[in-house]
Amino acid sequence: MSDDEPLRVTNEIIRIAKGRTEVPFGEIAKDDLIQQTFEAVLGTLKAARKRGLIQFEGELLLLGKHDKVPIKVTEKGFSAKDSPADNEEAVKGKKITFFEGDEALKEVAKPDGAWNWVLLGPDPDKLPLAGGGGGSIEQMKEAMGSHANTFGLLRLAFGNKGAEKVKWIYVHASNVDDKETGGFSMRERGQAMAKGPLMEKTIDKYVRVNAKVEITTKDNCNPEWIIDKLAKVNGADARFLTVDKYNQGMEDFRKANPEPLDEEASAVRDLQALEPEMGANDEPLPEEVVARSAAEQAEEEQVKQRKKTASVRKGDPVKVWGESTKKWHDDGIVLEIAREAFKDKDGVTTIPAGSIKVQYLKNKRFKWVPPNKATTKLQKSKRPCPPSPLYGELWKETHGTFTSWHVRYFELQLGFLSWWEDKDAAKNNSNKHGSFPMLGLQMKIEGTIMKVTTTGCKGIIYSFDAASKECLDLWVAGFNKHAKYADDMRAHVEAQKEKDRQDAEAEGAEGGAA
């Protein structure tokens with residue numbers, strides 16, 4: 001059980017309650033989202049009770065027999081939901097995430113809040129959250145490119161804790177000079193700028209800002225450029241407003257709000273190196289059949305399938321020997337095992353019974369391995385077994401001149417979520433709109449909308465609308481399964497790196513002894 005599951009199950013109980021003070025156990029246990037998200041519901045409920053988040057009688061709750069046992073969310077449980085930054089059960093070093101613009105603005109407005117920047121879509125009433133975090137200017141820069149037009153608040157501290165100068169900056173990230181997100185017409189630019197006064201007035205209710213900046217290109221989102229703008233309008237404190245003082249403030253901030261940023265970034269890079277080639281799931285891939293001599297073909301006809309294929313099953317992770325690369329590839333998946341021989345139009349067997357079809361090289365290639373070659377061309381892998389992929393359409397929230405929703409085609413495979421304009425673009429694997437690993441998934445459900453961020457999102461908050469409860473349940477379950485797979489893959493990669501390090505040390509020791 002992960003450390004945040006008691007709080008997550010408490011939030012789900014609040015969702016199910018719909019304003020009630022308590023919910024019968026049966027209603028919770030039969031909820032589809034509860035069943036798909038938590039492997040041990042009773043154990044999670046007891047952990048939440050131990051933390052004081054919920055209350056119920058008894059140690060054993062059985063479905064059917066105890067359906068009417070009431071489960072009540074405590075005042076602490078409600079407080080933990082509404083104020084995650086103040087949750088005393090939060091794990092030290094665990095990233096604090098907000099999903100609502102209002103709560104994110106409140107956090108950035110605090111002199112010592114866990115977040116120091118937030119970007120919002122151009123809607124002063126709903127304040128849709130586009131991104132935020134504790135990584136300051138550098139992290140905000142990464143989030144800017146995901147939307148064409150956002151507004152927000154940035155907090156900078158200059159100097160060491162106790163003697164620091166804290167300043168707040170109102171930010172309009174228009175991106176009009178960036179090729180990726182710019183290209184507004186004069187009319188569109190005028191509409192975007194018209195949102196500025198309303199957004200500024202709304203943000204000003206949270207804290208009095210010390211400067212206002214419009215960032216027209218990501219290149220300007222750097223400490224030197226922003227601090228220079230701030231110093232020019234804060235003459236009395238200008239001598240304190242330097243990059244060196246900013247770096248001192250950020251060093252103290254990271255000590256007070258520890259996030260394993262370097263470790264997380266390294267884990268994301270490791271996973272991105274394994275990211276599969278997606279978008280061609282309906283298209284034939286380059287096929288290779290391991291060459292066989294006439295004698296081997298005759299031998300294969302006499303080999304019974306069960307004896308040769310019992311060691312692997314469909315979906316098993318395997319290492320695959322590449323005939324052209326001349327090395328092992330530890331990203332193979334068993335796609336199929338031939339129950340019957342495949343013959344060409346002349347009746348010649350091309351793929352004997354018991355052959356194993358594997359996909360590898362980041363989904364770019366597959367091959368049929370005949371049974372008598374399985375032991376030399378395939379090896380069992382210690383990689384975790386991946387969950388089933390998920391394909392389909394979702395509505396995605398976008399912040400441009402206005403905040404709007406667009407239908408996009410999504411693929412969830414091997415711990416990665418990717419999306420395109422439509423299915424045809426995905427088939428051609430052209431113009432991918434976005435992709436991120438599911439490592440460190442944090443998610444909030446509102447109706448049929450999923451608000452999602454992960455370690456690889458770099459502070460960006462994505463909102464996807466499944467449009468129906470049935471579709472929502474499928475995607476939520478898929479997100480959770482692939483997040484667990486990504487976490488398992490991270491552990492596998494780290495273990496493999498440690499093994500390689502130990503092997504290298506042992507080899508060096510042997511060489512020294514010789």
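Aromatic pairs number 13 across the whole structure, which is a predicted model. One of them brings together Trp 419 and Phe 464: their ring centres lie 6.1 Å apart and their planes meet at 65°, so this pair is edge-to-face. The contact joins distant parts of the chain, with Trp 419 in strand E19 (residues 416-420) and Phe 464 in strand E23 (residues 462-465), 45 residues apart. Both Trp 419 and Phe 464 are buried.

Strand E23 also takes part in a second pair, this time through Tyr 462, whose partner is Phe 436 in strand E20 (residues 434-437). Here too distant parts of the chain are linked, the two residues being 26 residues apart. The ring centres of Phe 436 and Tyr 462 are separated by 5.2 Å and the planes by 15°; because planes under 30 degrees apart count as stacked, the pair is a stacked one. Phe 436 has a relative accessibility of 2% and therefore counts as buried. Tyr 462, at 10% relative accessibility, likewise falls under the 20% limit and counts as buried.

It is worth following these four residues a little further in the structure. Trp 419, Phe 464, Phe 436 and Tyr 462 belong to a cluster linked by ring pairs, which also includes Phe 410, Trp 475 and Phe 479.

Aromatic rings meet charged side chains as well. Arg 49 is placed over the face of Phe 56, 4.1 Å from the ring centre. In another such arrangement, Lys 165 has its charged end over the ring of Phe 240, at 5.2 Å from the centre of that ring.

Key:
Residues numbered from 1 in each chain as written. Predicted model: local features only at pLDDT ≥ 70, side-chain atom pairs only at ≥ 80, totals over all residues. Heavy atoms only, no water. Phe/Tyr/Trp six-rings, centres within 6.5 Å; stacked < 30°, edge-to-face > 60°. Helix = DSSP H or I, 4+ residues; strand = E, 2+ residues; numbered from the N terminus. Buried < 20%, exposed > 50% of the residue type's maximum accessible area, 1.4 Å probe, protein only. Lys NZ or Arg CZ within 6 Å of the ring centre and 35° of its normal.
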